[in-house]
Amino acid sequence: MNLPTLPTLLSAFFLRYLAVERGVSPHTTTSYRDAMKLLLQFAAARCRRSVDQLVIEDLTAPVVLEFLADLEASRGNTIRTRNSRLAAVQTFFRYVAGREPALAATCSPVLSVPAKKALRPLLGYLSEQELGHLLAQIDRLAKHGERDYVLLSILYDTGARIQELLDLTPRDFHLESPPFVCVRGKGRRERLC
């Protein structure tokens, strides 16, 4: 029985599975691409071969664990970044195991690699007085003053990420009573604020 090669599996993962079947965002695809690229380069260096000579069996759980440790040690990645890279790698292996059951034994140990626990910092917030002071710094009579005032107000009131703010369009604003803005977040989730 001929099993697909690693390049074939990677191409199908990115071009068909992520793009067509899952319909993930371009940002997710880019993140997964970067994670797989780093893993392949790491594995190739470890196996003393070029990337195009790697096979799926070269990407074992110990290699993935060493890769994750290297991300933290050599590249200075945070635990959150390390876990994000692991999630991308595991998504690929989950896809391979589902597509080629004969490779399930190869994929299973990688899928069992746990995410690393990280301390979550306590997020602070601005008091009403501090927010008022911040907004008072904006010259609302300047050319872009009113725009800047509205942008900072929306960021504070909604807790939106900067990309969510940049993605807003005029149709996302409802100015009649009750006024609200529709913010589209990660995973294409919408919230009304």
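Tyr125, Leu126, Leu134, Leu152 and Tyr156 form a nonpolar surface patch of about 480 Å², where a patch joins nonpolar side chains (Val, Leu, Ile, Met, Phe, Trp, Tyr) within 5 Å, taken from residues with over 30% relative accessible area and no salt bridge. This is a predicted model, in which local features need pLDDT of at least 70 and side-chain atom pairs count only at pLDDT 80 or more, while totals for chains, interfaces and linings use all residues. Residues are numbered from 1 along each chain as its sequence is written, and side-chain values use heavy atoms, with hydrogens and water left out.

Within the patch, Tyr125 lies in the loop between helix 5 (104-111) and helix 6 (128-136). Tyr125 counts as exposed because its relative accessible area is 71%, given that exposed means over 50%, buried under 20% and partly exposed in between (1.4 Å probe, protein chains only).

Val64, by contrast, is buried, with a relative accessible area of 0%, and its place is in helix 3 (residues 61-73). Leaving aside neighbours within four places in sequence, Val64 is in contact (heavy atoms within 4.5 Å) with Leu39, Leu86, Val89 and Val110.

Two of these partners, Leu39 in helix 2 and Val89 in helix 4, also appear where those helices meet, among residues that include Tyr32, Met36 and Leu38 on helix 2 and Ala88 and Phe92 on helix 4. The axes of helix 2 (residues 26-47) and helix 4 (residues 79-99) come within 9 Å and cross at roughly 85°; the two helices are therefore roughly perpendicular to each other, a term that covers angles of 65 to 115 degrees.

Notes. Patches are made of residues with over 30% relative accessible area and no salt bridge: like charges are joined within 9 Å, nonpolar side chains (Val, Leu, Ile, Met, Phe, Trp, Tyr) within 5 Å. Accessible areas come from the Shrake-Rupley method with a 1.4 Å probe; for residues, only the protein chains shown count as cover. A salt bridge is a side-chain nitrogen of Lys or Arg within 4 Å of a carboxyl oxygen of Asp or Glu. Helices (H or I, at least four residues) and strands (E, at least two) are DSSP runs, numbered from the N terminus. Axes are lines fitted to C-alpha atoms, for helices over the stretch in contact, and angles run from 0 to 180 degrees between N-to-C directions. Angles under 35 degrees count as roughly parallel, over 145 as roughly antiparallel, 65 to 115 as roughly perpendicular and the rest as oblique.
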